[in-house]
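Trainee: Please take me through one part of this structure closely. I would like to see how the core is put together and what surrounds it.

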Amino acid sequence: MSTGFGFPFAVTDGGIAPDPDDDVELRGKIIQVLFTAPGERVNQPEFGCGLFTLVFDPNNTIMAAAVEFTVGQALTRWLGDDLVVAGVDVAAEDEALSVEVAYVRRRDLARSAVRVQFR
C-alpha cells in the first residue's frame, strides 16, 4: 500500500489523486534525490545529491567516480529504508553523462534500475 503521492503529482478526471504503484513511487523518490540540490529544501537543507549542478563540470573519469560515490551515498542516506543500492554506473562520453542506478526494493527484494542521461 502506498503512503505517498505519485511523482509527478497528478489528478484524474474525477478529481482524485490515484495511489501510485510501488515501483513508480520508488522511482519518483529516486529521481527527487538525484535532481534535488543540497540546500534547495528549506526544512531539509542536506537532502539530495544535485546532479544538475554537474552541468558545468568537466566530463571525465574523475567526475564520473565522484558522481558514482555521491549518488550511492545520497540514495543510501535518504532512501535506505526503501531500497538497497546494488550499483551506480556512470558513463562519461563526449558531452553526454549517463547515470544508471541499480537497486533492490527492500519490501519484496525486486531488482530494478533507473537511468538518467545528460547532454
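Mentor: Here is a walk through the core, starting from the chain as a whole and ending at a loop.

The model is predicted, so every value here is computed from it. The protein chain has 2 helices and 3 strands. From the N terminus, the order is α-α-β-β-β. The chain counts 119 residues, and 34% of them are buried. Its accessible surface is about 7700 Å², with 54% belonging to carbon and sulfur atoms. Take the contacts between residues at least 6 apart in sequence: 34% of them join residues at least 24 apart.

Now the core itself. The largest nonpolar core holds 25 residues. Within it, I30, L51, V67, V71 and V99 touch the most other members. Five elements give two or more residues each: helix 1 (22-35), helix 2, strand 1 (83-93), strand 2 and strand 3. Helix 2 gives the most, with 7 residues. In soluble globular proteins, nonpolar side chains tend to be buried together.

Helix 2 is the place to look closely. It covers residues 61-79, which is 19 residues. From first C-alpha to last, helix 2 reaches 26 Å, close to the 27 Å expected at 1.5 Å a residue. Its buried residues are M63, A64, V67, V71, G72, A74, L75 and L79.

Pick V71 from that list. V71 lies in helix 2. Its relative accessibility is 1%, so V71 counts as buried; the cut-off is under 20%. Beyond its neighbours up to four places away in sequence, V71 touches L34, C49, L51, V88 and V101. V101 is 30 residues from V71 in sequence, yet the C-alpha atoms are 8.4 Å apart in space.

C49 is one of those partners of V71. C49 sits in the loop between helix 1 and helix 2. With 12% relative accessibility, C49 also falls under the 20% cut-off and therefore counts as buried. Not counting residues up to four places away in sequence, C49 touches V33, L34, T36, P38, T70, V71 and A74. L34 appears in the contacts of C49 and in those of V71. C49 also has a spatial link to L75: the two are 26 residues apart in sequence, with C-alpha atoms 8.4 Å apart. L75 is among the buried residues of helix 2.

Next, V99, another of the residues that touch the most other core members. Strand 2 spans 96-105. Leaving aside neighbours within four places in sequence, V99 is in contact with L51, V67, V88, D89, V90, V114, R115 and V116. Two of these, L51 and V67, are themselves named with V99 among the residues that touch the most other core members. V88 is in contact with V99, and V71 touches V88 as well.

Helix 1 offers another view. R27 lies in helix 1. Its relative accessible area is 28%, so R27 is partly exposed. Leaving aside neighbours within four places in sequence, R27 is in contact with Y103, S112, A113 and V114. S112 is 85 residues from R27 in sequence, but their C-alpha atoms are 9.3 Å apart. V114 is in contact with R27 and also with V99.

Then the loop between strand 2 and strand 3 (111-118). A110 is located there. A110 is partly exposed, with a relative accessible area of 26%. Apart from residues up to four places away in sequence, A110 touches Y103, V104 and R105. Y103 is thus a partner of A110 and of R27. The C-alpha atoms of A110 and L83 are 9.6 Å apart, with their positions 27 residues apart along the chain.

L109 is found in the loop between strand 2 and strand 3 too. Its relative accessibility is 63%, over the 50% cut-off, so L109 counts as exposed. Most residues other than glycine have a negative phi. L109 goes against that, with a positive phi of about 60 degrees although it is not a glycine.

Last, the rings. A search of the whole structure finds 1 aromatic pair. There is also a charge over a ring: the charged end of R41 sits over the ring of F47, 4.1 Å from its centre.

Note on methods
Residues are numbered from 1 along each chain as its sequence is written. This is a predicted model: local features need pLDDT of at least 70, side-chain atom pairs count only at pLDDT 80 or more; totals for chains, interfaces and linings use all residues. Side-chain values use heavy atoms; hydrogens and water are left out. Helices (H or I, at least four residues) and strands (E, at least two) are DSSP runs, numbered from the N terminus. Buried means under 20% relative accessible area, exposed over 50%, partly exposed in between (1.4 Å probe, protein chains only). Contact means heavy atoms within 4.5 Å. The expected span of a helix is 1.5 Å times one less than its number of residues. Rings of Phe, Tyr and Trp (its six-membered ring) pair if their centres lie within 6.5 Å; planes under 30 degrees apart count as stacked, over 60 as edge-to-face and the rest as tilted. A charge sits over a ring if NZ of Lys or CZ of Arg is within 6 Å of the ring centre and within 35 degrees of the ring normal. A nonpolar core is a set of buried Ala, Val, Leu, Ile, Met, Phe, Trp, Tyr and Cys residues joined through side-chain atoms within 4.5 Å. Accessible areas come from the Shrake-Rupley method with a 1.4 Å probe; for residues, only the protein chains shown count as cover.
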